[in-house]
Amino acid sequence: MSQTALCRHCNEPVTAQSPAAPDFCCTGCAGAYALLGELGLSSYYKRRAIDPKIRALRPDEDEIASFDFTELASTDEDGKHHLNLMVDGIHCAACVWLIETLLQRNDAVLSARINMTTRRLRLSWQGKLDDIATIIHPVLQMGYRLIPFDPAALEQATASRNKELLRCLAVSGFAAGNVMLLSVSVWAGYFQGMGGATRDLFHWLSALIALPAAAYAGMPFYRSAFGAIRNRRVNMDVPISLGVILALGMSLAQTIRSEPHAYFDSAITLLFFLLIGRYLDGRARGQARSAAENLLSLNARSITVIENDGTRRLIAPQKAEPGMIVLTAAGERIGVDGEVIDGKSDIDTSVISGESIPVLTQPGAKVFAGTTNISGPLRIRVSATGGNTLLSEIVRLMENAEQGRAKYVAIADRVAKSYAPVVHLLSLATFVGWWLIGGLPWHDALMNAIAVLIITCPCALALAVPVVQVIATGRLLRAGILVKSATALERLTKITGVIFDKTGTLTTGKPELIRSPDEKTLMLAAEIAANSNHPLSRALVRATGNVTPHPNVTEHPGQGLIAQGPTGVIRLGSRDFCGIAEHSDLPSDVVGPELWMAESGKAAQRFVFRDTPRKDAASVISQLQSRGFDVGLLSGDRNKTVQQLAEMLGLKNWQAQMSPTQKAARIQARADEEHLDLMVGDGINDAPALACAHASMSPATAAEISQNAADIVFQGDRLGAVIEAIDVARKADRLVRQNFALSFAYNLITIPLAVSGFVTPLIAAIAMSSSSLIVIANALRLHANSATSKDTVVDSIPQTAQQAEA
Amino acid sequence: MSNLLLLIPVALFLGLLGLAAFLWSLRSGQFDDMEGAANRILFDDDDEAISAKSKKIEPGDS
């Protein structure tokens, strides 16, 4: 580790220029530390465990006023107020304790409880509704971010579905345990000579437990099977439901006629095992989805509306109506589509156009939701929210593209489609064979036929896929890769090409200084630039480290900065702004954004920037290429910029100046030529392409609509997540296939036994449980691998970063 | 044989009791936050008493 001191509050490195050095990185952190000391909660610092993957706890004054917290609060008849908040910045259990304690110190607070799994806080308080601002202030001061949300709007469906599965699991577990207990006695009695009356009693007891339990716990399967049949399809749940119902029906018939062949235990254990798989599957996907939702809510900001009487009000972006006047401060994301009526600023439109350089915006210009206002405040009149807005156009494109993907059939259902008819024919053949050819009475023949159905009931088959998927999804979740769609991993194994977007995906989306005059000029330029939020200014400051801002600087949006220096006026900005004509003697080998600095009496100086690729972009691309993937680049940016990046990363297949529709059309055209692509993109302009690609990924920094369109969302700066996801998907695919092979091998042995009428309830129970256990054990191998490879992944991050730098 | 007639209902009743308890705890939201419950015990109320004490000691220690 380096010798840099770490901030006592947020644990980030402290720079020498910090106003609160040497202990703190900023005054906010110093204030937070002092506040905790006053409240006697300093023990937090001893107890916490910092998670490097989570945002550092650095208080940010701008964040504090960014929401209208009262909007989503509800008040019950006792005058108590309730509010649900998403908490960003929780590192460990100590953070949960700290937030809850801080809130409960306020006498107005009735209860404050954080759900650590979902990182959501439920707060109740009494008194005035507006008190919320003072109540949560200490928490915001610590550097946590609180985002109000409406619980009704978020994944309630998944949560209640998972609860239902858990209830079914409990009921079937109880029934399976008790029925098994009775069955073991019956099997033991089989060898020791149990009386017929006792056996019948045990069968009746089993029926009493198993029938209601199976009726209740089997509901998720029956419902899905019924839905599939009504749509004239066959899914995995059809043979399952049929098997369970027939097994129970026949067992009941046997019991009534006091005969020995009762399969209550097999039927209910089958349900129990399958429910385990379903529940785990649902939970893993639910976690990934709620993490993705949390990410999205973090980007959602209230917008400031200016009323006719001049008062300001915060509202949610979706409540904006055409004609409203919205104020957007410098540095804020624009929440609406509209027309600028007042103000002049630079707008970062990279999410829409892929263009990495901000564009100048003046009154009369159109602006779009999702873009970022950089340099000056703007008043925007909200334009029609109908079907003509850019966003809704892109959403329409995206929905069209997604319809194709919805047709994708999961592998388990594809197998079921060919498997179920074979099984049903086989059991029919058994019945006909024994009855007409074998000469058995019809009910004995029917029993053999049903035994075939029970033994082939795809217990292992239906477990094979979910268990592997649970483990694969969980493994990716721990690496910060959120798999949102159920069939995403399967589709990922089919891809032959990987198509990247440029700005924000292959590159960091932040320009970096690559060519500058001497050190002294650079320092001066950085001091002037420290007064501006423009990406190029920020890049200058980043290139020099911390500088003290130059006094007397005025910003001219879209043009540049003017500083009053000791020797006269210094201009820093565009070529025109600095009064430089188009020279032909300038080196033209560098393309990219540039800044000029003109000082009176001196030759103008030029700074050249480049939107630098992510650190591991080159290594990821070469790794993908060496594995035989066809790697491409589709960008909305200008030809030269794209070409330069493509050459730098060794990409031959690239296209620039693509509109959102063209991007999607290109992907579609490749798909028609049997090239299935993984699309990786982050901009709004990528959303249609993401939706129509065979599989899609987007970084967590992406626009909301792109994250919604993507199958997989990955966190962090590493593009290596793409390779990781492909690797895990392929490994999972291999295990699924192995599991299918194991299940078929098992069926190969047991089906002849069943057809020839040798299957007793004991054999059925043993065969069923053991095949399930083998399949689960095989799936767990993915987990075992991940335990070792997880360490190597962590180790390899610094290595790849070094390689990329070297 | 007669002991079986007693014991089986007893066993089933106890099992049902456990099932009912689980379903109740599920309904009352005790399974909503598995992670938090595991960690919360480490930050119990009596901990606050300790931290209050250590607050007095701290000025001397730093």
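**Exercise 1. How many residues of chain B are in contact with chain A, and how many residues of chain A do they touch?**

Keep in mind as you work that this is a predicted model.

Step 1. Start with the counts: 22 residues of chain B are in contact with 19 residues of chain A.

Step 2. Now see where the chain B residues sit. Helices H1 (2-27), H2 (34-40) and H3 (45-61) of chain B are the elements that give two or more residues to the side touching chain A. H1(B) gives the most, with 7 residues.

Step 3. Sort that side of chain B by class: you get 11 nonpolar, 5 polar and 6 charged residues.

**Exercise 2. Work out how helices H8 and H9 of chain A are arranged, and which residues meet.**

Step 1. Find the helices. H8(A) covers residues 219-230, and H9(A) covers residues 237-256.

Step 2. Look at the geometry. The two axes are 8 Å apart, and the helices pack at an angle of about 125°.

Step 3. Name the arrangement. An angle between 115 and 145 degrees falls in the oblique range, so H8(A) is oblique to H9(A). The crossing of H8(A) past H9(A) is left-handed.

Step 4. List who meets whom. From H8(A) come A:Phe221, A:Tyr222, A:Ser224, A:Ala225, A:Ala228 and A:Ile229, and they meet A:Asp237, A:Val238, A:Ile240 and A:Ser241 of H9(A). By class, that contact has 7 nonpolar, 2 polar and 1 charged.

**Exercise 3. Now do the same for H9(A) and helix H14 of chain A.**

Step 1. H14(A) spans residues 442-456, and its axis comes within 9 Å of the H9(A) axis. The two cross at roughly 140°.

Step 2. H9(A) and H14(A) are therefore oblique to each other, and H9(A) passes H14(A) in a left-handed crossing.

Step 3. On the H9(A) side you'll find A:Leu242, A:Gly243, A:Leu246, A:Ala247 and A:Met250, which meet A:Met447, A:Ile450, A:Leu453 and A:Ile454 in H14(A). Sorted by class, this contact has 8 nonpolar, 1 polar and no charged residues.

**Exercise 4. Which residues touch the most other members of the largest nonpolar core?**

Step 1. That core has 156 residues, and the ones you want are A:Ala267, A:Ile268, A:Val468 and A:Ala725.

Step 2. Zoom in on A:Ile268. Skip its neighbours within four places in sequence, and its contacts are A:Ser172, A:Ala175, A:Ala176, A:Val179, A:Ala210, A:Ala213 and A:Ala214.

Step 3. Don't stop there: a second, separate core has 42 residues, including A:Phe24, A:Cys25, A:Leu102 and A:Ile136.

Technical notes. Residues are numbered from 1 along each chain as its sequence is written. Chains are lettered from A and ligands numbered from 1 in the order in which they are written. This is a predicted model: local features need pLDDT of at least 70, side-chain atom pairs count only at pLDDT 80 or more; totals for chains, interfaces and linings use all residues. A nonpolar core is a set of buried Ala, Val, Leu, Ile, Met, Phe, Trp, Tyr and Cys residues joined through C-beta atoms within 7 Å. A residue is buried if 20 or more other C-beta atoms lie within 10 Å of its own, exposed if 12 or fewer, and partly exposed in between; C-beta atoms are placed from the backbone. Two residues are in contact if their C-beta atoms, placed from the backbone, lie within 7 Å. Axes are lines fitted to C-alpha atoms, for helices over the stretch in contact, and angles run from 0 to 180 degrees between N-to-C directions. Helices (H or I, at least four residues) and strands (E, at least two) are DSSP runs, numbered from the N terminus. Angles under 35 degrees count as roughly parallel, over 145 as roughly antiparallel, 65 to 115 as roughly perpendicular and the rest as oblique. A crossing is left-handed if the near helix is turned anticlockwise from the far one by less than a right angle, and right-handed if clockwise. Ala, Val, Leu, Ile, Met, Phe, Trp, Tyr, Cys and Pro count as nonpolar, Asp, Glu, Lys and Arg as charged, and the others, Gly among them, as polar.
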